[in-house]
Each structure stands twice: as C-alpha cells, then as structure tokens.
Amino acid sequence: MDKNPDLQSWARNIKVWEPNSWKPYLDQLLDAYNQALKFKEFHNWLKDTFDGKSIRDLPIELRDSARMCISGGGSERNAFGGLMFKKFGLGVVNCKNYEQSLEEYERCGDWIEMSVREVVLGWEHYDEVFLHPLKEIIDQLAKTLNINVEEPKIEEDFGEWVKYPDPKLIEKLEGFLNSLARMLEFTNYYTMLMRYFLLAPLPMVARFLNIEIDEIKKLAEIWNIEFVYDANLNKINIEDIERSKPYELFWVCIDEKCLPQKILKMFGYNGLAQKLIEQFDFILDTNISSELQRLWEDRFTSLKAFKESSGWSIDRRLKEILLSTARSDKREFSLLLQDGFIKEVKYPAVDRSTPAYDPIADKVVRESVITTKELSPDKIYIMRFLNLIFPLTAMGFLVPSKMEESGISFQLNDIPILEKLGVLFQ
C-alpha cells in the first residue's frame, strides 16, 4: 500500500461522486461472484458424479480421482480428503466426520458408498449466506450505474478440479480467496471509503472530497442513502438538503438498503469474506489473522499520530464512557438526545460487586451493568460529538449500530488491539 496514493487523493482523482468511477468496483464484484458461482456448480457436479455411488460404479478414468477425494493425504492435517469432506461434503455415506469416513474407506475400500452433503466452501447454506447477498450488492450497484448485468455462463471442466494426481482445486481456491482478499476494507479503496464515511457530518464529506452539495447528493445516490439527519434526528430527504442547513446535517448508513452497510457486512472487518478466507488459511501464503492484526496496529498508529499532530481530544466525560465500554464485556453505548444535545449516555460499567472466576483465563472477571450518565448542565451538541468521534468511526474503531427517534447507539469494534484504545484516552 505504500506506493499507492492516500485515500483522499485517490477519491478526489477518480471523482467517486461520479457514477462511472464505480464501474471498476462493479467489475471486481462481478469477478468475485463469478468465481463464487463456480464453486456452487462444482458442488453440483460432485453430487451428479459421486453421490450415492461406490467407486466400483464409476468409469475407470474417475476411480483414482474418487479415491483421492475420499482418502487423499490420509490423516495428515491438510489432507485433500479432509478438504473435500469438510468444505464440499464429499465422503463415505453416514459418516459424521472425515476421520470416520477415512476409517470406513480403509476398512471397505472401493465398496463404500459415497455421499455429498449440502456443504459448499464449508457453509451448509452457501446460497443464502454468501452467494445471494453478493449478487444483491451487484444488482443494486449495477442498477444505480444503469449497467445491464447478466448471469454468467459457467463453462468449466470440473473433472480437472479433482483429477488424479494433479487436481486444480487448490489453484482455483487460491485464486478465489485472493480475489476476496483484494475486496477487504484494508486493501480496497472503494470498500475503505465506505467505512470512512459510514457515519459522517456532511461538511466532513465536502472537505475531504473537495465537493459541493450537488456532488454529495450524487455520492449519496450511488450509495443508496435516501435520508440525512439534523441535530434533532429528523429525517430529511437527500433531495431537500439545500432547504436545510447542510453544515448541520449528517448521514449514517445503518439502513439495510445502503450500499456501505451491505458492502461492509460482506467485505468489512469480521465480514463474510474474511470469515470465508479464514477457513482456508492453510492455502494462502498470508495468514489473514496476522495480517489484520498488523493492519489494526497501523490504524492505531495513524490515530495516535493524528492525536499528537492535531491536538485532537475528546471531552473527559466521553473518555470515561469510551474507556468503560472498552474494558467491559459489552461493547455498546447509547446517546439520548434532547433539542440537539446529548442529554444522557447509557454505557456498560464493570460491576465490582459481582466477582466471578474464569477457569480458562485463571482470573477473576466481572460482568458489566448498564450505567446512565447525565451530561447536564454542560450538554454536548450532537454535531460537535460526531465531529469529535469521526476519527474513530472513519477508521472502524467505533461503529454506529442503531438509530432511533431519540438517540443513536454505537458499538466498539471487537478488534485485536481494543485495549490500546484505552491507553490513547488516558
């Protein structure tokens, strides 16, 4: 990433408020979807070819491949047979795990009956969990960009994917996982921008991109943001923002219709793509968990540098709330507003009267209870609060979780370096 432009320069250069600038992102999504669809079709091919059959029933040219799929690699940690059983459901009929399937094959040989369970890439409901949400994102963005997207035609020789002794499956998996990794919020500027502006006062958007109201509206249309909010949390149609005071408005992409919300569920931290990649960490050269740890460290370093160079500071009462939330077993706090000001905050605090022993951690831990803190008489104006916490939301440390008529809730992201956030505010 060092040789790439920073997010702001990139966003301004490609003019992210222009629909055409999102065509490359749509192409990236389509590439990921096309590969994801191939694995569904591969699973269908496995069912048609092996399900309900013994190895003896198969054509001679498929028998070695079947043996490899059932027992390849034996009991080794990353055995090919184990991959086929756990990630694609292919094994000996009525066996609950790979070890049992392998044992049954070693006992009965080619007489065993094979079965293919409804498992694709380790998920039992692959279509509902992964494929359909990805297709929904593509359809929404394509419609916004006025681009006609057709369902891809899969032309693949799946026999080559499991052909003995040189199956292409690992190569196909590696290509797919790398394409997903390139879509994650830490590596993809489009995804990163949606994290950056998941919640944003409109003046922040205008200054960052160096644009006016008309361009803000165009970006909102691409992201399917229908409403912005004023300090009293009144909804204002995006088309009517000129009639209000734009500098007093903000958007928050919590609505399931918003593109950033859908994208971050798919490609954000702890999103579906990350979880899928983590299932196959033995295939990729890079350990995704270690890489994410390093990237969070980089974000924390950037936040610390910003604090030191700009004098960025947060009201002491908000520091107390953030620290208490970071140290608790609950990660969410809620703001109650009145006339545009934060009247009170509900947040988790450790209940020191209820010690409990954690045998795994070998220490006493305490549960959290919800505490209410009134901010009167010195109430904090909501727009000031949103500006103060913007570095935290922009970098993904703090995430808006709920929007109600009387307030907003936030969640601290459950990240590997959460305890360091406390050090930052002390």
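Let's start in the middle of the protein. The largest nonpolar core holds 149 residues. Five of its members touch the most others: Trp22, Phe130, Trp223, Trp251 and Phe385. Which helix gives this core its largest share? Helix H2 does, with 13 residues. There is a general background to this. In soluble globular proteins, nonpolar side chains tend to be buried together.

One caution before I go on. This is a predicted model.

Take Phe130 from that list. What does Phe130 touch, once we set aside its neighbours within four places in sequence? The contacts are Ala36, Trp123, Phe176, Leu180, Met266, Leu272, Ala273 and Leu276.

Now the overall picture. The protein has 426 residues, and 50% of them count as buried. There are 16 helices and 12 strands. The C-alpha trace spans about 80 × 60 × 40 Å along its principal axes. About 21100 Å² is exposed, and carbon and sulfur atoms supply 45% of that area. Now look at contacts between residues at least 6 apart in sequence. Of these, 70% join residues at least 24 apart.

Back to helix H2. Gln35 sits in this helix. Is Gln35 buried or exposed? Its relative accessible area is 18%, and the cut-off for buried is under 20%, so Gln35 counts as buried. Its side chain makes a polar contact with the side chain of Ser179, at 3.5 Å. Beyond four places in sequence, Gln35 is in contact with Lys172, Gly175, Phe176 and Ser179. Phe176 should sound familiar: Phe130 touches Phe176 too.

Next, charges. How many salt bridges does the structure hold? It holds 23. I'll walk through three.

The first starts in H2 again. Lys38 and Glu156 meet through their side chains, 3.3 Å from N to O. Lys38 is in helix H2, residues 23-50. Glu156 is in the loop between helix H6, residues 126-144, and helix H7, residues 169-181. The two are 118 residues apart, so this pair links distant parts of the chain. Both ends are partly exposed: Lys38 has a relative accessible area of 25%, and Glu156 has 24%. There is also a network here. Salt bridges that share partners join Lys38, Glu156 and Lys172. Lys172 is also one of the residues in contact with Gln35.

The second pair is Lys135 and Glu151. Their closest N and O atoms are 3.8 Å apart. Why does this pair tie parts of the chain together? Lys135 lies in helix H6 and Glu151 in the loop between H6 and H7, so the bridge joins parts that are 16 residues apart in sequence. Lys135 counts as buried, at 18% relative accessibility. Glu151 is partly exposed, at 44%.

The third pair is Glu185 and Arg299, at 3.2 Å from N to O. Glu185 is in the loop between H7 and helix H8, residues 189-196. Arg299 is in helix H13, residues 288-310. They are 114 residues apart, and the pair links distant parts of the chain. Glu185 counts as buried, at 1% relative accessibility. Arg299 counts as buried as well, at 11%.

Now the strands. Look at E12, residues 407-412. Why do we call E12 largely enclosed by the rest of the structure? Because 5 of its 6 residues are buried. Which strands pair with it? Strand E7, residues 332-338, pairs with E12 in the antiparallel sense over 5 bridges. Glu332 stands opposite Gln411 in E12. Strand E11, residues 398-404, also pairs with E12 in the antiparallel sense, over 6 bridges. There, Lys402 stands opposite Ser409 in E12. A hairpin joins E11 to E12 through 2 residues. As you look at the strands, keep a general pattern in mind. In a regular strand the side chains alternate between the two faces of the sheet.

Last stop: Pro201. This residue is in strand E3, residues 199-201. Pro201 counts as buried, at 1% relative accessibility. What does Pro201 touch, not counting residues up to four places away in sequence? The contacts are Leu249, Phe250, Met383, Leu386, Asn387 and Phe390. Where is Pro201 relative to Leu131? The two are 70 residues apart along the chain, and their C-alpha atoms are separated by 33 Å.

Technical notes. Residues are numbered from 1 along each chain as its sequence is written. Side-chain values use heavy atoms; hydrogens and water are left out. A salt bridge is a side-chain nitrogen of Lys or Arg within 4 Å of a carboxyl oxygen of Asp or Glu. Helices (H or I, at least four residues) and strands (E, at least two) are DSSP runs, numbered from the N terminus. Buried means under 20% relative accessible area, exposed over 50%, partly exposed in between (1.4 Å probe, protein chains only). Two strands pair if DSSP finds at least two bridges between them. A nonpolar core is a set of buried Ala, Val, Leu, Ile, Met, Phe, Trp, Tyr and Cys residues joined through side-chain atoms within 4.5 Å. Contact means heavy atoms within 4.5 Å. A polar contact is a pair of N or O atoms within 3.5 Å; within protein, one must be able to donate a hydrogen and the other to accept it, and residues adjacent in sequence count only if both atoms are side-chain atoms. Accessible areas come from the Shrake-Rupley method with a 1.4 Å probe; for residues, only the protein chains shown count as cover.
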